[in-house]
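Here is a set of questions and answers on a protein–DNA model, meant to be read alongside the coordinates.

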2 protein chains.
Amino acid sequence: MTQRSQPLYQEIADELLDEIRSGKLPVGTMMPTEMELCERFGVSRHTIREAIRQLGELGLLTRQAGLGTIVKATEARGTYPQSNESLDALLRYPPETALEVRSSEPVTATLELAKTLGSKVGTEWIKISGVRSVQGQDKPICWTDVYVIPEYARVAEEIGKEPVPVYRVVESLFGEQVTEVKLDLFADGVPESMAEAVQVAAGTPALVVVRRYTGHKKRVFEVSVSVHPQDRFTYSAELRRD
Amino acid sequence: MTQRSQPLYQEIADELLDEIRSGKLPVGTMMPTEMELCERFGVSRHTIREAIRQLGELGLLTRQAGLGTIVKATEARGTYPQSNESLDALLRYPPETALEVRSSEPVTATLELAKTLGSKVGTEWIKISGVRSVQGQDKPICWTDVYVIPEYARVAEEIGKEPVPVYRVVESLFGEQVTEVKLDLFADGVPESMAEAVQVAAGTPALVVVRRYTGHKKRVFEVSVSVHPQDRFTYSAELRRD
DNA sequence: TAGTGGTCTAGACCACTTC
DNA sequence: AAGTGGTCTAGACCACTAA
């Protein structure tokens, strides 16, 4: 018996995913039946179903009793964790937005900040502020405050060089890996302090997007707070049930 | 053996959800263990795990081996656009809020309305307006304009009787079935016309949520536009990569 | 050490689709 | 009638947590 660092169904899901991505199981075709997969992998039906469920949750498959399982898409994460496509899809930023850093400084979480960040009062953070713009547009789409843990302070010097999200920079610089992103969206007025930078009057309605990035060991290593003035940004999501 | 119209694990999930929402299983407390639930409902562990999985997909629970299951929330968090399963769960367990209907009338789509609804100019819709409230709270969480196709006009008389979303009423009245939901979220000021009803000053920042429901034959049968004044509502979403 | 949830097996019956 | 996925049972062993 080979040693396993992950569940059997996960390994099977990975293997099936490879076959879908490589075109061995093309989009639009039928997957092997559960019984065929049971025999092929030498496991019970329950294990196969769990593996298939994993792929189903990614939206790669649709299933119907009496009919079978159909491959619907190839968009997926690989065995080696570097595909952030699904996260990028969630974040919905056009790929060519750039963050122009205005300031960078250490801060200590007050009660209010701690509440926003989901951390404890007194926690140390590096606060990096700036405006994010789409190339070719005069007005920025948002003011962003990015909070990272102190050991990642160096990102401040690196972001802005490339038009990619900050968490991407953290991932590549420090080998951090995003395992979870939590989003909160709500309305607020544009604060006086940001008004000039985003070229609107203070108090103008704004969409505030808070993103909490969780990495190894359930540690939140980055939180970003983006304030989008009215008419600059719409968050879109799409949910299917086939 | 009693006749079942739905799977056992669904019925169990329904019952557990009731207990969470009613406060019988308060947020922050431990759920009964799997074995306890097995004995209580007289089913196998697999069935209990399937029921608990349903609630977990709504973000109501967190689980940890060796520790137990903790109740985290009474209402489903927002959705993330990756999972078919969670759309099912969300459509199955919508948030419990009641709509108090203020008006109901046929309208013809102007250019602006057509843009919002994603329909053509001149299309006929039934517009149902009202305020939506959570039981026990004094101020409503939003003003909502619901647009349904003319043949579903009758929903106007039925909604408000039960604390369920409008699409639910449409589903049960007309046998329509939601296959896809598109969401748009953006910021705007509260219009003069709604200010009094939602008890804020006109121009107050608000989160606007537009939901487009697609049913059979890719037909959009309902669009809802909800205007949530500042501090009344936060949209949450979550994406995991395990 | 006892108990939890996580994984896995080896069966079974069902509603549904296709032939 | 045969085969599919959907549901369900009754076991088992594991890693992890808490006392």
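The questions below concern a predicted model, and they turn to the DNA strands, the nonpolar cores and the salt bridges.

Q: Which residue of chain A has a side-chain N or O atom 2.6 Å from a base nitrogen of DNA strand D?
A: Around DNA strand D there are 23 residues, and those that come nearest are Arg45(A), Leu8(B), Tyr9(B), Ser44(B) and Thr47(B). Sugar and phosphate make up 67% of the strand D atoms that come within 4 Å of the protein. A base nitrogen of DNA strand D is nevertheless reached at 2.6 Å by an N or O atom in the side chain of Arg45(A).

Q: Which residue places a backbone N or O atom 2.8 Å from a base oxygen of DNA strand D?
A: Two backbone contacts from chain A to DNA strand D can be set side by side. A polar backbone atom of Glu34(A) is 3.0 Å from a phosphate oxygen of the strand, so that contact is to the backbone of the DNA strand D and not the one asked about. The base oxygen of DNA strand D has, at 2.8 Å, a backbone N or O atom of Gly66(A).

Q: Which element gives the largest share of the surface near DNA strand D?
A: By class, this surface has seven nonpolar, 10 polar and six charged residues. Elements that give two or more residues to the surface include helix 3 (45-57) of chain A and helix 1 (8-22) of chain B. The largest share, three residues, comes from helix 3 of chain B.

Q: Which residue of chain B has a backbone N or O atom 2.7 Å from a base oxygen of DNA strand C?
A: The 20 residues around DNA strand C include Leu8(A), Tyr9(A), Thr47(A), Arg45(B) and Gly66(B), which come nearest. A backbone N or O atom of Leu8(A) lies 2.4 Å from a phosphate oxygen of DNA strand C, while a side-chain N or O atom of Arg45(B) is 2.7 Å from a base nitrogen. The backbone contact to a base oxygen of DNA strand C, at 2.7 Å, belongs to Gly66(B).

Q: Which element gives the most to the surface near DNA strand C?
A: This surface is made up of five nonpolar, nine polar and six charged residues. Of the strand C atoms within 4 Å of the protein, 65% belong to sugar or phosphate and the rest to bases. With three residues, the element that gives the most is helix 3 of chain A.

Q: How many residues are in the core that lies apart from the largest nonpolar core?
A: The largest nonpolar core has 90 residues, and among those that touch the most other members are Trp125(A), Ile128(A), Trp125(B) and Tyr235(B). Apart from it lies another core, which includes Ile20(B), Leu25(B), Cys38(B) and Leu58(B) and has a total of 21 residues.

Q: How many residues apart in sequence are the parts tied together by Glu19(B) and Arg40(B)?
A: The side chains of Glu19(B) and Arg40(B) meet in a salt bridge, with N to O at 2.5 Å. Glu19(B) is buried at a relative accessible area of 10%, whereas Arg40(B) is partly exposed at 40%. Because Glu19(B) lies in helix 1 of chain B and Arg40(B) in helix 2 of chain B, the pair ties together parts whose separation in residues is 21.

Q: Where in chain B does Glu75(B) lie?
A: The side chains of Arg21(B) and Glu75(B) meet in a salt bridge of 3.4 Å, N to O. The pair links distant parts of the chain, 54 residues apart, with Arg21(B) in helix 1 and Glu75(B) in the loop between strand 2 and helix 4 (84-92) of chain B.

Definitions and conventions: Residues numbered from 1 in each chain as written. Chains lettered and ligands numbered in written order. Predicted model: local features only at pLDDT ≥ 70, side-chain atom pairs only at ≥ 80, totals over all residues. Heavy atoms only, no water. Near = heavy atom within 4 Å. Polar contact = N/O pair within 3.5 Å; in protein donor to acceptor, adjacent residues only side chain to side chain. Helix = DSSP H or I, 4+ residues; strand = E, 2+ residues; numbered from the N terminus. Nonpolar A, V, L, I, M, F, W, Y, C, P; charged D, E, K, R; others polar. Core = buried A, V, L, I, M, F, W, Y, C linked by side-chain atoms within 4.5 Å. Buried < 20%, exposed > 50% of the residue type's maximum accessible area, 1.4 Å probe, protein only. Salt bridge = Lys/Arg side-chain N within 4 Å of Asp/Glu carboxyl O.
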